[in-house]
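Okay, thanks everyone for coming. Today I'd like to walk you through the empty spaces in a protein and what fills one of them. Here it is on the screen.

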Amino acid sequence: MNFDLTEEQKMIRDMTRDFADEVVAPRAEEMDLTGDYPYDIIEKMAGLGMMGIPFPEEYGGSGGDWISTNLCLEELARGDAAVSALVEVTLVVAEELYTFGSEEQKKRWLTPIAKGERIGAFGLTEPNSGSDAGALRTTAVKDGDAWVLNGAKQFITNIGLDNASLVLVAAQTEKATADGKKKTATFIVPKDTPGFNLGKRYDKMAWKASATHEVILEDCRVPQENLLGDPNRGFSQHLAALQCGRIMIAAMAVGVAQACLDEALRYSKERVQFKQPIFKFQAIQFKLADMAVSIELARNVYLKASWLRDEGRSHTFEATVAKLYATEMLEKVASDAVQIHGGYGYMNEYPVSRFYKGAKLLQIVEGTSEVQRMLLGRMLAAK
Ligand SMILES: Cc1cc2nc3c(=O)[nH]c(=O)nc-3n(C[C@H](O)[C@H](O)[C@H](O)COP(=O)(O)OP(=O)(O)OC[C@H]3O[C@@H](n4cnc5c(N)ncnc54)[C@H](O)[C@@H]3O)c2cc1C
(Lines give C-alpha, C1' and ligand atoms only; values in the text may rest on other atoms or scores of the structure.)
Protein backbone atom coordinates (compact mmCIF):
# COMPACT_ATOMS: atom_id res chain seq x y z
CA MET A 1 0.00 0.00 0.00
CA ASN A 2 1.17 3.48 -0.76
CA PHE A 3 -0.15 6.29 1.42
CA ASP A 4 1.94 9.01 -0.22
CA LEU A 5 0.16 11.82 -1.98
CA THR A 6 1.38 12.71 -5.44
CA GLU A 7 3.18 16.03 -5.97
CA GLU A 8 0.03 17.42 -7.59
CA GLN A 9 -2.21 16.31 -4.73
CA LYS A 10 0.19 17.87 -2.20
CA MET A 11 0.32 21.06 -4.25
CA ILE A 12 -3.49 21.38 -4.31
CA ARG A 13 -3.75 20.63 -0.57
CA ASP A 14 -1.05 23.16 0.32
CA MET A 15 -2.41 25.82 -2.00
CA THR A 16 -5.90 25.43 -0.50
CA ARG A 17 -4.49 25.41 3.03
CA ASP A 18 -2.79 28.76 2.40
CA PHE A 19 -5.93 30.11 0.74
CA ALA A 20 -8.09 28.97 3.66
CA ASP A 21 -5.72 30.59 6.18
CA GLU A 22 -5.23 33.84 4.29
CA VAL A 23 -8.58 34.44 2.59
CA VAL A 24 -11.36 32.25 4.02
CA ALA A 25 -10.79 31.90 7.78
CA PRO A 26 -10.29 35.63 8.44
CA ARG A 27 -13.76 36.27 6.95
CA ALA A 28 -15.61 33.36 8.55
CA GLU A 29 -16.86 35.09 11.69
CA GLU A 30 -18.08 38.17 9.82
CA MET A 31 -19.85 36.07 7.14
CA ASP A 32 -21.57 34.09 9.85
CA LEU A 33 -22.78 37.28 11.53
CA THR A 34 -23.92 39.16 8.42
CA GLY A 35 -24.98 36.20 6.26
CA ASP A 36 -23.38 38.01 3.30
CA TYR A 37 -22.60 35.69 0.43
CA PRO A 38 -18.88 35.37 -0.39
CA TYR A 39 -18.88 36.46 -4.05
CA ASP A 40 -15.30 37.71 -3.92
CA ILE A 41 -14.12 34.40 -2.44
CA ILE A 42 -15.97 32.46 -5.17
CA GLU A 43 -14.16 34.55 -7.79
CA LYS A 44 -10.80 33.78 -6.20
CA MET A 45 -11.58 30.06 -5.89
CA ALA A 46 -12.61 30.02 -9.55
CA GLY A 47 -9.33 31.72 -10.48
CA LEU A 48 -7.42 28.99 -8.64
CA GLY A 49 -9.39 26.24 -10.43
CA MET A 50 -10.99 24.94 -7.22
CA MET A 51 -14.55 24.73 -8.56
CA GLY A 52 -13.92 21.98 -11.07
CA ILE A 53 -10.88 19.99 -9.95
CA PRO A 54 -12.04 16.48 -11.03
CA PHE A 55 -13.39 17.42 -14.46
CA PRO A 56 -11.48 17.41 -17.75
CA GLU A 57 -10.06 20.69 -18.98
CA GLU A 58 -12.21 20.52 -22.11
CA TYR A 59 -15.24 21.09 -19.83
CA GLY A 60 -13.64 23.88 -17.81
CA GLY A 61 -12.20 21.65 -15.09
CA SER A 62 -8.64 21.19 -13.85
CA GLY A 63 -8.21 17.57 -14.92
CA GLY A 64 -7.44 16.48 -11.36
CA ASP A 65 -8.68 13.57 -9.27
CA TRP A 66 -11.07 13.02 -6.37
CA ILE A 67 -8.27 12.74 -3.81
CA SER A 68 -7.18 16.29 -4.70
CA THR A 69 -10.79 17.48 -4.75
CA ASN A 70 -11.46 16.14 -1.28
CA LEU A 71 -8.19 17.42 0.14
CA CYS A 72 -9.23 20.82 -1.19
CA LEU A 73 -12.65 20.54 0.49
CA GLU A 74 -11.05 19.51 3.78
CA GLU A 75 -8.85 22.59 3.76
CA LEU A 76 -11.66 24.93 2.72
CA ALA A 77 -13.87 23.56 5.51
CA ARG A 78 -11.07 24.20 7.98
CA GLY A 79 -11.37 27.84 6.91
CA ASP A 80 -15.15 27.96 6.77
CA ALA A 81 -17.74 25.22 6.38
CA ALA A 82 -20.24 27.37 4.47
CA VAL A 83 -17.65 28.20 1.79
CA SER A 84 -16.73 24.54 1.41
CA ALA A 85 -20.44 23.63 1.18
CA LEU A 86 -20.86 26.05 -1.71
CA VAL A 87 -18.09 24.23 -3.58
CA GLU A 88 -19.29 20.78 -2.54
CA VAL A 89 -22.84 21.21 -3.83
CA THR A 90 -21.55 22.74 -7.05
CA LEU A 91 -19.32 19.68 -7.52
CA VAL A 92 -22.24 17.28 -6.97
CA VAL A 93 -24.17 19.12 -9.69
CA ALA A 94 -21.15 19.18 -11.99
CA GLU A 95 -20.61 15.46 -11.42
CA GLU A 96 -24.20 14.66 -12.40
CA LEU A 97 -23.90 16.81 -15.52
CA TYR A 98 -20.57 15.20 -16.37
CA THR A 99 -21.74 11.61 -15.87
CA PHE A 100 -25.18 11.82 -17.44
CA GLY A 101 -25.07 14.88 -19.69
CA SER A 102 -24.89 14.87 -23.47
CA GLU A 103 -21.92 16.52 -25.14
CA GLU A 104 -24.04 19.60 -25.81
CA GLN A 105 -25.25 19.76 -22.16
CA LYS A 106 -21.69 19.42 -20.85
CA LYS A 107 -20.46 22.24 -23.07
CA ARG A 108 -23.37 24.52 -22.26
CA TRP A 109 -24.02 23.85 -18.55
CA LEU A 110 -21.05 22.03 -17.05
CA THR A 111 -18.27 24.20 -18.48
CA PRO A 112 -19.25 27.52 -16.83
CA ILE A 113 -19.89 25.68 -13.55
CA ALA A 114 -16.56 23.84 -13.56
CA LYS A 115 -14.83 27.13 -14.35
CA GLY A 116 -16.57 28.70 -11.35
CA GLU A 117 -18.23 31.37 -13.48
CA ARG A 118 -21.65 30.01 -12.55
CA ILE A 119 -22.84 28.04 -9.52
CA GLY A 120 -25.02 24.92 -9.46
CA ALA A 121 -27.79 23.76 -7.13
CA PHE A 122 -29.20 20.31 -6.48
CA GLY A 123 -32.95 19.86 -6.10
CA LEU A 124 -34.04 16.64 -4.49
CA THR A 125 -35.59 17.41 -1.07
CA GLU A 126 -39.23 18.46 -0.90
CA PRO A 127 -41.52 19.43 1.99
CA ASN A 128 -42.83 15.85 2.21
CA SER A 129 -39.83 13.89 1.04
CA GLY A 130 -36.46 14.07 2.73
CA SER A 131 -34.87 10.76 3.72
CA ASP A 132 -37.65 9.08 1.76
CA ALA A 133 -36.50 10.96 -1.32
CA GLY A 134 -38.31 8.57 -3.66
CA ALA A 135 -41.62 9.98 -2.35
CA LEU A 136 -41.02 13.22 -4.26
CA ARG A 137 -44.14 14.89 -5.64
CA THR A 138 -42.78 17.37 -8.17
CA THR A 139 -44.23 16.47 -11.55
CA ALA A 140 -43.01 16.89 -15.11
CA VAL A 141 -45.55 16.58 -17.91
CA LYS A 142 -44.54 16.36 -21.56
CA ASP A 143 -46.10 19.08 -23.69
CA GLY A 144 -44.95 19.05 -27.31
CA ASP A 145 -41.18 19.45 -27.32
CA ALA A 146 -41.07 20.69 -23.75
CA TRP A 147 -41.66 19.54 -20.17
CA VAL A 148 -43.84 21.45 -17.72
CA LEU A 149 -42.70 21.17 -14.11
CA ASN A 150 -44.79 21.81 -11.01
CA GLY A 151 -43.80 21.35 -7.38
CA ALA A 152 -41.62 22.64 -4.56
CA LYS A 153 -38.08 21.85 -3.50
CA GLN A 154 -36.83 22.85 -0.10
CA PHE A 155 -33.55 23.54 1.68
CA ILE A 156 -31.79 24.10 -1.66
CA THR A 157 -28.17 25.16 -1.16
CA ASN A 158 -26.62 27.79 -3.48
CA ILE A 159 -29.76 28.64 -5.40
CA GLY A 160 -30.01 32.02 -3.65
CA LEU A 161 -26.67 33.15 -5.08
CA ASP A 162 -26.93 35.76 -7.85
CA ASN A 163 -24.53 33.74 -9.99
CA ALA A 164 -26.38 30.42 -9.55
CA SER A 165 -27.33 29.34 -13.06
CA LEU A 166 -29.47 26.26 -12.56
CA VAL A 167 -30.96 23.66 -10.30
CA LEU A 168 -31.05 19.97 -11.18
CA VAL A 169 -34.62 18.93 -10.43
CA ALA A 170 -35.79 15.36 -9.96
CA ALA A 171 -39.43 15.07 -10.98
CA GLN A 172 -42.05 12.39 -11.44
CA THR A 173 -42.95 11.90 -15.11
CA GLU A 174 -45.77 9.40 -14.77
CA LYS A 175 -48.35 8.54 -12.12
CA ALA A 176 -47.16 5.93 -9.62
CA THR A 177 -48.19 2.33 -10.29
CA ALA A 178 -50.38 0.43 -7.80
CA ASP A 179 -47.28 -0.85 -5.98
CA GLY A 180 -46.00 2.73 -5.55
CA LYS A 181 -43.30 2.60 -8.27
CA LYS A 182 -42.90 5.83 -10.23
CA LYS A 183 -40.85 7.09 -13.10
CA THR A 184 -38.60 10.03 -12.40
CA ALA A 185 -36.41 12.14 -14.62
CA THR A 186 -33.86 14.85 -13.89
CA PHE A 187 -34.17 18.25 -15.53
CA ILE A 188 -31.74 21.10 -15.92
CA VAL A 189 -33.84 24.04 -14.76
CA PRO A 190 -32.18 27.41 -15.43
CA LYS A 191 -32.95 30.00 -12.79
CA ASP A 192 -34.32 32.45 -15.33
CA THR A 193 -37.00 30.07 -16.66
CA PRO A 194 -40.51 31.56 -16.42
CA GLY A 195 -42.33 29.70 -13.62
CA PHE A 196 -39.14 29.26 -11.58
CA ASN A 197 -39.69 31.09 -8.28
CA LEU A 198 -37.05 31.57 -5.64
CA GLY A 199 -38.81 31.06 -2.30
CA LYS A 200 -37.87 32.17 1.17
CA ARG A 201 -34.31 32.25 2.42
CA TYR A 202 -34.02 29.96 5.44
CA ASP A 203 -32.79 31.37 8.72
CA LYS A 204 -30.34 28.69 9.83
CA MET A 205 -28.65 27.85 13.15
CA ALA A 206 -25.22 28.21 11.51
CA TRP A 207 -23.64 28.36 8.05
CA LYS A 208 -25.36 31.71 7.52
CA ALA A 209 -23.30 32.52 4.42
CA SER A 210 -24.62 29.44 2.64
CA ALA A 211 -27.54 30.46 0.41
CA THR A 212 -30.33 28.03 1.34
CA HIS A 213 -33.71 28.72 -0.25
CA GLU A 214 -36.99 27.17 -1.16
CA VAL A 215 -37.73 26.73 -4.88
CA ILE A 216 -41.26 26.76 -6.26
CA LEU A 217 -41.94 25.58 -9.79
CA GLU A 218 -45.21 26.76 -11.29
CA ASP A 219 -45.84 25.65 -14.85
CA CYS A 220 -42.11 25.91 -15.32
CA ARG A 221 -41.49 24.98 -18.94
CA VAL A 222 -38.12 23.58 -19.95
CA PRO A 223 -37.21 22.30 -23.42
CA GLN A 224 -36.68 18.60 -24.14
CA GLU A 225 -32.94 19.26 -24.46
CA ASN A 226 -32.88 20.03 -20.69
CA LEU A 227 -33.77 16.46 -19.80
CA LEU A 228 -30.62 15.00 -18.25
CA GLY A 229 -29.69 11.39 -18.94
CA ASP A 230 -32.16 8.52 -18.86
CA PRO A 231 -35.78 9.73 -18.66
CA ASN A 232 -36.68 6.76 -16.43
CA ARG A 233 -33.73 6.93 -14.05
CA GLY A 234 -33.71 10.50 -12.78
CA PHE A 235 -33.89 9.47 -9.15
CA SER A 236 -31.06 6.94 -9.37
CA GLN A 237 -28.94 9.48 -11.27
CA HIS A 238 -29.41 11.90 -8.37
CA LEU A 239 -28.44 9.17 -5.88
CA ALA A 240 -25.38 8.27 -7.95
CA ALA A 241 -24.21 11.89 -7.81
CA LEU A 242 -24.72 11.86 -4.05
CA GLN A 243 -22.27 8.98 -3.75
CA CYS A 244 -19.36 11.35 -4.38
CA GLY A 245 -21.21 13.82 -2.14
CA ARG A 246 -20.85 11.45 0.81
CA ILE A 247 -17.08 11.40 0.48
CA MET A 248 -16.98 15.18 0.10
CA ILE A 249 -19.13 15.68 3.22
CA ALA A 250 -16.72 13.39 5.11
CA ALA A 251 -13.75 15.48 3.94
CA MET A 252 -15.52 18.64 5.07
CA ALA A 253 -16.22 17.10 8.50
CA VAL A 254 -12.52 16.28 8.84
CA GLY A 255 -11.63 19.89 7.95
CA VAL A 256 -13.91 21.39 10.59
CA ALA A 257 -12.74 18.82 13.16
CA GLN A 258 -9.12 19.73 12.39
CA ALA A 259 -9.96 23.39 12.99
CA CYS A 260 -11.52 22.38 16.35
CA LEU A 261 -8.37 20.51 17.33
CA ASP A 262 -6.07 23.35 16.23
CA GLU A 263 -8.05 25.90 18.26
CA ALA A 264 -8.38 23.66 21.32
CA LEU A 265 -4.67 22.84 21.31
CA ARG A 266 -3.66 26.47 20.96
CA TYR A 267 -6.07 27.60 23.69
CA SER A 268 -5.04 24.83 26.10
CA LYS A 269 -1.42 25.99 25.90
CA GLU A 270 -2.39 29.60 26.65
CA ARG A 271 -5.07 29.23 29.29
CA VAL A 272 -3.63 29.08 32.80
CA GLN A 273 -5.54 27.58 35.72
CA PHE A 274 -4.11 26.27 38.99
CA LYS A 275 -0.86 28.07 38.01
CA GLN A 276 -0.25 26.08 34.84
CA PRO A 277 -1.47 25.89 31.25
CA ILE A 278 -4.50 23.59 31.18
CA PHE A 279 -2.67 21.54 28.50
CA LYS A 280 -0.59 20.12 31.36
CA PHE A 281 -3.65 18.42 32.84
CA GLN A 282 -3.91 14.85 31.70
CA ALA A 283 -7.69 15.16 31.37
CA ILE A 284 -7.19 17.84 28.71
CA GLN A 285 -4.37 15.97 26.95
CA PHE A 286 -6.54 12.84 26.75
CA LYS A 287 -9.33 14.82 25.11
CA LEU A 288 -6.87 16.27 22.58
CA ALA A 289 -5.38 12.83 21.95
CA ASP A 290 -8.81 11.33 21.31
CA MET A 291 -9.62 14.17 18.94
CA ALA A 292 -6.41 13.56 16.99
CA VAL A 293 -7.09 9.80 16.79
CA SER A 294 -10.62 10.16 15.44
CA ILE A 295 -9.61 12.85 12.92
CA GLU A 296 -6.80 10.64 11.64
CA LEU A 297 -9.18 7.70 11.20
CA ALA A 298 -11.82 9.78 9.44
CA ARG A 299 -9.21 11.31 7.13
CA ASN A 300 -7.90 7.87 6.20
CA VAL A 301 -11.34 6.53 5.38
CA TYR A 302 -12.36 9.47 3.18
CA LEU A 303 -9.01 9.25 1.37
CA LYS A 304 -9.48 5.53 0.83
CA ALA A 305 -12.97 6.11 -0.60
CA SER A 306 -11.57 8.87 -2.85
CA TRP A 307 -8.77 6.61 -4.03
CA LEU A 308 -11.20 3.79 -4.89
CA ARG A 309 -13.29 6.29 -6.84
CA ASP A 310 -10.23 7.50 -8.74
CA GLU A 311 -9.35 3.89 -9.52
CA GLY A 312 -12.85 3.34 -10.91
CA ARG A 313 -13.53 0.72 -8.26
CA SER A 314 -16.62 0.13 -6.17
CA HIS A 315 -16.67 2.43 -3.14
CA THR A 316 -20.27 2.50 -1.92
CA PHE A 317 -19.37 0.90 1.40
CA GLU A 318 -16.34 3.14 2.02
CA ALA A 319 -18.19 6.34 1.00
CA THR A 320 -21.03 5.49 3.41
CA VAL A 321 -18.65 4.60 6.25
CA ALA A 322 -16.71 7.82 5.64
CA LYS A 323 -19.84 10.02 5.72
CA LEU A 324 -21.24 8.37 8.85
CA TYR A 325 -18.01 8.12 10.81
CA ALA A 326 -16.58 11.55 9.95
CA THR A 327 -19.77 13.50 10.64
CA GLU A 328 -20.46 11.75 13.96
CA MET A 329 -16.79 12.19 14.88
CA LEU A 330 -17.09 15.91 14.20
CA GLU A 331 -19.94 16.42 16.64
CA LYS A 332 -17.90 14.86 19.48
CA VAL A 333 -14.71 16.70 18.52
CA ALA A 334 -16.52 20.04 18.32
CA SER A 335 -18.14 19.44 21.69
CA ASP A 336 -14.77 18.61 23.28
CA ALA A 337 -13.20 21.70 21.70
CA VAL A 338 -15.86 23.87 23.37
CA GLN A 339 -15.35 22.00 26.65
CA ILE A 340 -11.61 22.69 26.55
CA HIS A 341 -12.39 26.39 26.12
CA GLY A 342 -14.69 26.34 29.16
CA GLY A 343 -17.08 29.33 29.30
CA TYR A 344 -15.14 31.20 26.62
CA GLY A 345 -15.99 28.39 24.21
CA TYR A 346 -19.64 29.32 24.54
CA MET A 347 -18.98 32.88 23.41
CA ASN A 348 -19.53 33.77 19.77
CA GLU A 349 -16.17 35.51 19.56
CA TYR A 350 -14.41 32.14 19.88
CA PRO A 351 -14.44 30.15 16.60
CA VAL A 352 -15.18 26.85 18.39
CA SER A 353 -18.71 28.02 19.19
CA ARG A 354 -19.31 28.46 15.44
CA PHE A 355 -17.76 25.06 14.68
CA TYR A 356 -20.00 23.44 17.30
CA LYS A 357 -23.21 24.99 15.91
CA GLY A 358 -22.30 24.02 12.36
CA ALA A 359 -21.19 20.48 13.21
CA LYS A 360 -24.72 19.11 13.50
CA LEU A 361 -25.60 19.90 9.92
CA LEU A 362 -23.18 17.46 8.34
CA GLN A 363 -25.00 14.56 10.05
CA ILE A 364 -28.20 15.63 8.28
CA VAL A 365 -27.38 16.73 4.74
CA GLU A 366 -27.05 14.32 1.82
CA GLY A 367 -28.45 11.45 3.87
CA THR A 368 -28.76 11.51 7.66
CA SER A 369 -26.70 9.26 9.93
CA GLU A 370 -29.74 7.02 10.25
CA VAL A 371 -29.97 6.70 6.48
CA GLN A 372 -26.25 5.86 6.26
CA ARG A 373 -26.73 3.13 8.90
CA MET A 374 -29.75 1.86 6.98
CA LEU A 375 -27.64 1.63 3.80
CA LEU A 376 -24.83 -0.12 5.64
CA GLY A 377 -27.37 -2.51 7.17
CA ARG A 378 -28.61 -3.38 3.67
CA MET A 379 -25.06 -3.94 2.45
CA LEU A 380 -24.39 -6.26 5.38
CA ALA A 381 -27.63 -8.13 4.79
CA ALA A 382 -26.62 -8.71 1.18
CA LYS A 383 -23.29 -10.32 2.18
C1 LIG B 1 -28.85 23.58 5.47
C2 LIG B 1 -29.36 22.49 4.61
C3 LIG B 1 -29.00 22.43 3.27
C4 LIG B 1 -29.53 21.45 2.44
N5 LIG B 1 -29.23 21.46 1.11
C6 LIG B 1 -29.90 20.63 0.26
C7 LIG B 1 -29.75 20.74 -1.16
O8 LIG B 1 -28.96 21.54 -1.66
N9 LIG B 1 -30.49 19.93 -1.96
C10 LIG B 1 -31.37 19.02 -1.47
O11 LIG B 1 -32.02 18.33 -2.25
N12 LIG B 1 -31.53 18.89 -0.12
C13 LIG B 1 -30.83 19.67 0.74
N14 LIG B 1 -30.99 19.55 2.10
C15 LIG B 1 -31.93 18.56 2.60
C16 LIG B 1 -31.28 17.41 3.38
O17 LIG B 1 -30.62 16.55 2.50
C18 LIG B 1 -32.43 16.74 4.17
O19 LIG B 1 -32.75 17.64 5.21
C20 LIG B 1 -32.04 15.39 4.71
O21 LIG B 1 -31.89 14.46 3.67
C22 LIG B 1 -33.07 14.86 5.71
O23 LIG B 1 -34.39 14.98 5.24
P24 LIG B 1 -35.49 15.69 6.15
O25 LIG B 1 -34.95 16.98 6.62
O26 LIG B 1 -36.76 15.71 5.41
O27 LIG B 1 -35.64 14.76 7.42
P28 LIG B 1 -36.58 13.45 7.54
O29 LIG B 1 -36.35 12.55 6.40
O30 LIG B 1 -37.96 13.89 7.84
O31 LIG B 1 -35.96 12.77 8.82
C32 LIG B 1 -36.29 13.13 10.17
C33 LIG B 1 -35.59 12.14 11.09
O34 LIG B 1 -36.10 10.81 10.88
C35 LIG B 1 -35.03 9.94 10.57
N36 LIG B 1 -35.48 8.92 9.63
C37 LIG B 1 -36.14 9.08 8.45
N38 LIG B 1 -36.35 7.92 7.87
C39 LIG B 1 -35.83 6.97 8.68
C40 LIG B 1 -35.74 5.54 8.63
N41 LIG B 1 -36.23 4.83 7.60
N42 LIG B 1 -35.14 4.90 9.65
C43 LIG B 1 -34.65 5.59 10.70
N44 LIG B 1 -34.69 6.94 10.81
C45 LIG B 1 -35.28 7.61 9.81
C46 LIG B 1 -33.96 10.83 9.95
O47 LIG B 1 -32.69 10.23 10.01
C48 LIG B 1 -34.09 12.05 10.84
O49 LIG B 1 -33.40 11.84 12.04
C50 LIG B 1 -30.43 20.49 2.97
C51 LIG B 1 -30.76 20.52 4.33
C52 LIG B 1 -30.26 21.50 5.14
C53 LIG B 1 -30.65 21.52 6.58
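So, the largest pocket has a volume of about 1200 Å³. Keep in mind while you look that this is a predicted model. How many residues line that largest pocket? The answer is 41, and if you want to find its centre, look for Thr125, Ile364, Val365, Glu366 and Gly367, which lie nearest to it. Several elements give two or more residues to this lining: α4, residues 81–100, then β3, then α6, residues 234–270, then α9, residues 351–359, and finally α10. By class, the lining of the largest pocket splits into 22 nonpolar, 11 polar and eight charged residues.

Now, where does the ligand sit? In this largest pocket. Two elements give two or more residues to the shell around the ligand, namely β3, which spans 146–157, and α10, which spans 369–381. Of everything in that shell, β3 gives the most, with three residues. You'll remember both names, since β3 and α10 were also on the list for the pocket lining.

Let's zoom in on the ligand. There are 17 residues around it, and the ones that come nearest are Thr125, Ser131, Phe155, Thr368 and Glu370. Thr125 should sound familiar: it was also among the residues nearest the centre of the largest pocket. The shell has eight nonpolar, six polar and three charged residues.

Which atoms pair up here? Let me take three contacts one by one. For Ser131, an N or O atom of the side chain is 2.6 Å from an oxygen atom of the ligand. With Phe155, the partner is a polar backbone atom, and it lies 2.7 Å from a nitrogen atom of the ligand. Leu124 also uses a polar backbone atom, at 2.9 Å from a ligand oxygen. And how much of the ligand is covered? On its own, the ligand exposes 970 Å², and the protein buries 64% of that.

Okay, moving away from the ligand. The second largest pocket holds about 450 Å³ of space. It is lined by 15 residues, with Asn2, Phe3, Ile67, Leu303 and Trp307 closest to its centre. Which helix gives the largest share of that lining? That's α7, residues 282–310, with five residues. Sorted by class, the lining of this second pocket comes out as six nonpolar, four polar and five charged residues.

Last stop: closed space. How many cavities of 30 Å³ or more does the structure hold? Just one, and the space in it is about 110 Å³. Its lining counts 14 residues, and Asp80, Ala81, Trp207, Arg354 and Phe355 are the closest to the centre. Helices α3, residues 66–79, α4 and α9 each supply at least two residues of that lining, and α9 gives the most, with four. The classes here are nine nonpolar, one polar and four charged.

One thing to take home: α4 and α9 turn up twice, in the lining of the largest pocket and again in the lining of the cavity. And the ligand is in the largest pocket, with Ser131, for one, among the residues that come nearest to it. That's my tour, so let's open it up for discussion.

Key: Residues numbered from 1 in each chain as written. Predicted model: local features only at pLDDT ≥ 70, side-chain atom pairs only at ≥ 80, totals over all residues. Heavy atoms only, no water. Near = heavy atom within 4 Å. Polar contact = N/O pair within 3.5 Å; in protein donor to acceptor, adjacent residues only side chain to side chain. Areas by Shrake-Rupley, 256 points an atom, 1.4 Å probe, with all protein chains shown as cover. 1 Å grid on protein atoms, 1.4 Å probe; cavity = no way out; pocket = protein on both sides within 12 Å on 5 of 7 lines; lining within 4 Å. Sits in = over half its atoms within 2 Å of the grid points. Nonpolar A, V, L, I, M, F, W, Y, C, P; charged D, E, K, R; others polar. Points joined across faces, edges and corners; volume = space filled by probe spheres on them.
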